[in-house]
Structures are given as C-alpha cells and as structure tokens.
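Please look over the sequence and the model shown here before reading the report.

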Amino acid sequence: MFKLSNRSGLARVSAPILALFAAGCAHNAGDGEGANGLATLELTMVMTEPGGAVMVALFDSADAYGGNGAPVRGARVAVKSTSETAVFKGLPPGQYAVRAYHDLNGDGTLNTNPLGAPLEPFAFSNSAIVQYGPPAFDDAALDLEPGNNEDTLRFGR
C-alpha cells in the first residue's frame, strides 16, 4: 500500500501517480506514430543522483491532473544513472501534462517533512515552475503533434 501525506499542495503531486500504481494500471505501452496520426512522447529525465525509481504520470486534462481523475499513462523507471528516458507511444494528438517524482528510497511514496514539503525530488513537464504547490495544468501542458515529441524533466526539491 502506498502512503502519502496531504498536508501541502506539493504532497498532492504524487496522489494521482500513486493511485495509478496502486490500481496496477501503470504501463508504458501503445503503438503508433505520425503515419497513423498518433503521437509519441519521449521524456528525458535528469536527476541529481542515481538510485530508486522515477514514478511518472501523464495526464490529458486539467481535471485529471488536478486529482479528479486518473492519468492516461504511467511508468516506473529504474534510475541507474542521472539521466533516464520514458517513452509513451500511440497518444492522440492534444494537450498533455506530466507529474513525476524520484522515489529515492523505493518505498512507493513521495516522502515529505512534517510540514508536508517534499523530501524527494519532483518534476513537471514544460519546465513548469513550482510556487506554493504544483503548477497549473496550463503551465505544465505540452501540445503533442502527430509523430515524435520530446520534453525534459529536471528533478529538484
């Protein structure tokens, strides 16, 4: 079972991610790219240290991103170096946003301090900036076109 503190907006960063993994729905699947009108998103993830795993959730709506729905895709990526990649294929073109955290100790939880601030690194798509909580969907949104699309997640605290 996954645990999560809800004492701050930042702690909610992982609630949809944890729900995805707890339900056993995490996958990095789907086929198809530009020729059939579908999109591929390649995420380069840059961490400050190796170890643990990155938990990634991909959302296609502001409601789901805000915690009122499930991610459309998710991935758990083992972190063997300071740069790893996650690829999501077969996505309908449109707006998507990514929430991710680096689970350094492998406990399946975005660990927080007593005030609810994250103790483990996290990142959002589109280099969205965190100010008093997770960035809005519109700030983290990527416009995926048919074919290959890329973004870089830079993890910090």
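The report below covers a three-stranded sheet, the aromatic rings and one serine.

This is a predicted model, in which local features need pLDDT of at least 70, side-chain atom pairs count only at pLDDT 80 or more, and totals for chains, interfaces and linings use all residues. Residues are numbered from 1 along each chain as its sequence is written, and side-chain values use heavy atoms, with hydrogens and water left out.

**The sheet**

Three strands, in the order β4-β1-β8, make up an open sheet with mixed pairing; strands (E, at least two residues) and helices (H or I, at least four) are DSSP runs numbered from the N terminus, and two strands pair if DSSP finds at least two bridges between them. The edges are taken by β4 (83–91) and β8 (147–154), each of which has a single partner strand, so one side of each is left without a neighbour in the sheet. From one strand to the next the twist averages 20°, where axes are lines fitted to C-alpha atoms and angles run from 0 to 180 degrees between N-to-C directions. Strand β1 (residues 39–46) runs parallel to β8 and is joined to it by eight bridges; A39, for example, has G147 of β8 as its bridge partner.

**The aromatic rings**

The structure holds three aromatic pairs, counted where the ring centres of Phe, Tyr or Trp (its six-membered ring) lie within 6.5 Å, with planes under 30 degrees apart called stacked, over 60 edge-to-face and the rest tilted. Two of these pairs are listed here.

| Pair | Centre to centre | Angle between planes | Class |
|---|---|---|---|
| Y65 and F137 | 5.7 Å | 70° | edge-to-face |
| F122 and F124 | 6.1 Å | 70° | edge-to-face |

Because Y65 lies in helix α2 (residues 62–68) and F137 in helix α3, their pair ties together parts that are 72 residues apart in sequence. Y65 is buried at 2% relative accessibility and F137 at 8%, buried meaning under 20% relative accessible area, exposed over 50% and partly exposed in between (1.4 Å probe, protein chains only). Both F122 and F124 are buried as well. Ring pairs also link F59, Y65 and F137 into a cluster.

**Serine 125**

S125 lies in the loop between β6 (122–124) and α3 (137–140), and with a relative accessible area of 0% S125 is buried. Leaving aside residues up to four places away in sequence, S125 touches A97, V98, D139, A140, L142, D151 and L153, contact meaning heavy atoms within 4.5 Å.
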